[in-house]
Amino acid sequence: MADSKTSRSGGRQGIGRFLREYVRPLSEAFAQTPLHELRVTTEQGSVTLVKRAPAQLAASIEATSSPATAPLEATRPSADGMRAFGGRTASLVPAINGEAGRTYVTVNAEVVGIFRNAAPPPAPGEALQSGQVLGYIEALRLRNEVRCPDDATLVAQVVLDGQPVDYGEALFVIDVTHARAAAAPAELPPDVQAPPAGDVQLAEPPRL
Amino acid sequence: MFAKVLIANRGEIAIRVIRACRELGVKTVAVFSEADRQALHPRFADEAYCIGPPQTARSYLNIPNIISAAEIAGVDAIHPGYGLLSENAQFAEICASHGFKFIGPSPAAIALMGDKSSAKAHMADAGVPVIPGSGIVESEDEAKRFCREVGYPVLIKATAGGGGKGMRIVGREADLVAGLTAAAGEAQAAFGDGRVYIEKLLVRPRHIEVQVLADEFGHVIHVGERDCSVQKPSHQKLLEETPAPNLDPAMRAELLASAVRAAHAVNYANAGTLEFLVADDGRYYFMEMNTRIQVEHPVTEVVYGIDLVKWQIRIAAGERLTVRQEEIRPTGHAIECRINAEDVAHGFRPTAGKLGSVILPGGPGIRVDTHVFSGAEVPPYYDSLLAKIVASDRTRGGAIVRMRRALAETEMQGVETTISVHERVLAMNSFLDGHTHVTWLREQVLQPPSAVGAAHGR
């Protein structure tokens, strides 16, 4: 079973509704993944889900970039873990042998379309700058740029030129360890993150 | 015929369209939101594309992602189902401009019928009765004359109206001037526009609608009527049946002929439904036309032995309607109960969650259109329809007995459903006698009749 800590900003919606509509479906999805810990931050607040089984810590992976997808953080990186976020076609993501203590992020498709390589495509190990164009998604005769969300190092491009991509499909895996460490050292570990003022703190973990 | 069709919808209607395509030998492409990853429609289709996050505005209403998926998949046509983009004239136009046939009427017909006043004006021109309205009230004498002509009660409405503001029901002439003053004052305060008009108010009308099918060569037929008078207080339909009980045959013939005339008048093509209100004095009035397949289409399919969704696809593919009006004859009676994930005790509030055990009914005379299964998620983002149970038999009485039996077999653990209210409806004498109207459920089933009587001083 899973423990849960929940904090949320704004008090307009009842905590019951937040739990029912948000935390419950999330926790059920989480239960089906091989992940041991999951932290999600949205406009409504943040939720941390932890499975009691001991985790083999290696590194952490986040799936970001899709504006609808909240940052997800897991304490066990693997191809399986990525599949949980990337959906149907994300099983194309190869197994990444992450190093302990590093933070990997997937850059996901925000529109449905045909993926096109950048010219030239970034190479694994290449240093990437925040905002750099990594590739394109052609949709409705428009080229939508896929931009790097952060200063990072490219781990892998996981789609091929000309491949159709779904919404939310993983396109790149990047290593953002340095950027994250520099930008928000106080955010880690999630357990000690202080909720913003006015938050609702649950006295005990909800039954999930 | 098309080689491949994209279904821009979810839930049971997406599955219904996939089934029709499969039987026609047409390949299918589903689109789904992140909340529907485990849903049946992506599984049943030949291909499926995730088009966005759970919220409909960013997935099932996301026109660029839907069109892009259609381009990637290389489909010939797009079926919009009902709700969502089905009555969006702009979407129909965008489909056409990208080379996809929209399975439905022309954008012009959708736009015309989507605008209430233009629809009403066109129907009146075609000789279809519409609810009498006064035009903007200029003087008290003029208002009195109008009301005497159409008879009381009347409803005063603000031209700028909305949300019930500036609306007044007036039951007799003595109250008319006060009602006009109050409505105009309220409208002035709420909208900065005090203009009002008057409409005849129908008390306890029945909702009877007519199914039409029209091809792109000007051939129009009706496929009978449906009685959809059992409605929630929000006027959403809950139970539908065909044929309509206790409908005078001459009246029925007139309704059906009116609907065909109306479809001709707007050069309608594909499946459509004309909704009428039928007053207890036997008069009927056009309410609106739905330019799409309806939720309750299965009762018509069962009784008339016609596949409406297949015809939608065939007509869009340019085929001629080969069914003649003379062949359209009802056989027996069918009733549909909408099983919604709703808490009846709390004003039909939608409920969501993970379903436990789901047991669906079957056996003779039962058809179930659904997308749910044991363990399925009911996401909170979409409409609450879980299943449509259709019971049919040679007689209305037989269909009612079958429906009771089917509801008793049905189990939907994990969410509140409307099964209980259907069981109450099917036990009411006034339902068994076929005497329902659009406020019947609220007045006779949801509120105890004694309380209604007391409130009205009877």
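Two strands count as paired here if DSSP finds at least two bridges between them. Keep that in mind as you click around this predicted model.

**Stop 1: the sheet in chain A**

Select strands S10, S9, S7 and S12 of chain A. They form an open sheet of 4 strands in the order S10-S9-S7-S12, with antiparallel pairing. The edges are S10 (142-147) and S12 (164-165), each of which pairs on one side only.

Zoom in on A:Ala139 and A:Leu142: the alanine stands opposite the leucine, which belongs to S10(A). S9(A) and S10(A) are antiparallel partners, with 6 bridges. The hairpin they make has 2 residues between the strands, and there A:Leu140 takes a positive phi near 50°.

Now slide across to S7(A). Its pairing with S9(A) is antiparallel as well, through 4 bridges. Show side chains for A:Arg116 and you'll find A:Tyr136 of S9(A) opposite. Of the 7 residues of S9(A), 5 are buried, so the rest of the structure largely encloses this strand.

Carry on to S12(A), which is antiparallel to S7 (residues 113-117) over 2 bridges. Pick A:Gly113 and look for its bridge partner in S12(A), A:Val165.

**Stop 2: a helix from the other chain**

What packs on this sheet from chain B? Select residues 63-73 of chain B: this is helix H3, and it touches S7, S9 (133-139) and S12 of chain A. Turn the view until you can compare directions, and you'll see that H3(B) makes about 75° with S7(A).

**Stop 3: a covered strand in chain B**

Next, select 206-214 in chain B. This is strand S10(B), with 9 of its 9 residues buried. Colour alternate residues to separate the two faces. One side has B:Arg206, B:Ile208, B:Val210, B:Val212 and B:Ala214, the other has B:His207, B:Glu209, B:Gln211 and B:Leu213, and all of them are buried.

Add S13 (residues 270-278) of chain B, which runs antiparallel to S10(B) and is joined to it by 9 bridges. One pair to label is B:Glu209 with its bridge partner in S13(B), B:Glu275.

Then add S11 (residues 220-231) of chain B, another antiparallel partner of S10(B), this time over 6 bridges. Here B:Val210 stands opposite B:Glu225 of S11(B). The S10(B)-S11(B) hairpin has 5 residues between the strands, and B:Gly218 takes a positive phi near 85° in it.

**Stop 4: the nonpolar cores**

Where does the largest nonpolar core lie? Start by selecting B:Leu6, B:Ile78, B:Phe91, B:Leu213 and B:Ile306, the residues with the most contacts inside this 69-residue core. Domain 1 (4-103) and domain 3 (206-451) of chain B both contribute residues, so the core lies between them.

Centre on B:Leu6 and show what surrounds it. Beyond its neighbours within four places in sequence, the contacts of B:Leu6 include B:Val29, B:Val31, B:Ile66, B:Ala69 and B:Ile78. A second core, separate from that one, has 34 residues; look for B:Val358, B:Ile400, B:Val421 and B:Val425 among them.

**Last stop: zoom out**

Show both chains in full. Chain A has 3 helices and 13 strands, while chain B has 16 helices and 23 strands. Buried residues make up 45% of the 208 residues in chain A and 55% of the 458 in chain B. Switch on a surface to finish: chain A exposes about 10400 Å², with 53% supplied by carbon and sulfur atoms, and chain B about 18000 Å², with 51% from those atoms.

Definitions and conventions. Residues are numbered from 1 along each chain as its sequence is written. Chains are lettered from A and ligands numbered from 1 in the order in which they are written. This is a predicted model: local features need pLDDT of at least 70, side-chain atom pairs count only at pLDDT 80 or more; totals for chains, interfaces and linings use all residues. Side-chain values use heavy atoms; hydrogens and water are left out. A nonpolar core is a set of buried Ala, Val, Leu, Ile, Met, Phe, Trp, Tyr and Cys residues joined through side-chain atoms within 4.5 Å. Buried means under 20% relative accessible area, exposed over 50%, partly exposed in between (1.4 Å probe, protein chains only). Domain bounds come from an automatic or database domain assignment. Contact means heavy atoms within 4.5 Å. Axes are lines fitted to C-alpha atoms, for helices over the stretch in contact, and angles run from 0 to 180 degrees between N-to-C directions. Accessible areas come from the Shrake-Rupley method with a 1.4 Å probe; for residues, only the protein chains shown count as cover.
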